[in-house]
Amino acid sequence: MMTESHIDYYRRSNCTVRICESVLCFIESEAAKAGKHETGGIIAGKGSYEENNIVITHASSSGPKAVKKRNFFSRDVFYCQRLLDQWANMSKGKIDYLGEWHKHFEEKPHPSPLDLDTMSRIAFARDYHINNPVLLIIGSSNNRDSLRVFSIGFLRVEETNLQVENDNNPNGNDDYVSFISEKM
Ligand SMILES: [Zn+2]
């Protein structure tokens, strides 16, 4: 019998999104810190959904001017843009925006209609440079057990696999830019 409150109707993608262990730990601790409120931020790194080579190397916090409520979250846009610019500069353009992460109070989180709307707009917006942004949602456990990753494009939502990588040597890729996270 189904015990989940939501039916899992998302198409499963063959793609695997890789994430650095320290980035995942950062997201877990930010989610736990937010207590009874949603939180989130941007994720950045390298690769694309089309080439199935996404590596998430950076994640931001929500920023000081974020709006955080029980069922609503809006990140500090200027703060996140400034961080993204720093990451791009420090990596000589190798690191770019990949998508968003946020927290939901669900055991098995799924994108809300507003999430889908936001991500589709990002997929279309020229200033984001990404056709299929990644949405990473961490659920009520505040850890990777309740984390789900989606790729969202035009009229398309797919759940992707997630693989956690050792920070220093993801698949032996030499030109990997090591994690330079936002330090609080
Ligand atoms: Zn959401």
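Here are a few notes on the fold and core of this predicted model.

1. Start with the sheet. Seven strands close into a barrel in the order 1-3-2-6-7-8-9, and the pairing is mixed. From one strand to the next, the twist averages 40°.

2. Strand 6 is a good place to look next. Seven of its eight residues are buried, so the rest of the structure largely encloses it. On one side, strand 6 runs antiparallel to strand 2, with six bridges joining them; on the other, strand 6 pairs with strand 7 in the parallel sense over five bridges. Gly-99 turns up in both pairings: Gly-99 is the bridge partner of Ile-43, and its partner in strand 7 is Val-134.

3. The link between those parallel strands goes through helix 3 (residues 113-124), and strand 6, helix 3 and strand 7 make a right-handed β-α-β unit. Strand 7 also pairs with strand 8, this time in the antiparallel sense over five bridges, with Leu-135 opposite Phe-150.

4. Now the helices. Helix 1 lies across strands 1, 3, 6, 7 and 9, at about 45° to strand 3. Helix 2 packs on the sheet too, touching strands 2, 3 and 6, and its direction makes about 20° with that of strand 2.

5. What about the nonpolar core? The largest one has 34 residues, and Val-23, Ile-27, Ile-43, Ile-56, Val-134 and Leu-136 have the most contacts inside it. Elements supplying at least two residues each include helix 1, helix 2, strand 6 and strand 7.

6. Ile-56 is worth clicking on: leaving out residues up to four places away in sequence, Ile-56 touches Val-17, Arg-18, Ile-19, Cys-20, Val-23, Ile-43, Gly-45 and Leu-98.

Terms used: Residues are numbered from 1 along each chain as its sequence is written. This is a predicted model: local features need pLDDT of at least 70, side-chain atom pairs count only at pLDDT 80 or more; totals for chains, interfaces and linings use all residues. A nonpolar core is a set of buried Ala, Val, Leu, Ile, Met, Phe, Trp, Tyr and Cys residues joined through C-beta atoms within 7 Å. A residue is buried if 20 or more other C-beta atoms lie within 10 Å of its own, exposed if 12 or fewer, and partly exposed in between; C-beta atoms are placed from the backbone. Helices (H or I, at least four residues) and strands (E, at least two) are DSSP runs, numbered from the N terminus. Two residues are in contact if their C-beta atoms, placed from the backbone, lie within 7 Å. Two strands pair if DSSP finds at least two bridges between them. A crossover is right-handed if, with the strands pointing away from the viewer, the path from the first strand over the helix to the second runs clockwise. Axes are lines fitted to C-alpha atoms, for helices over the stretch in contact, and angles run from 0 to 180 degrees between N-to-C directions.
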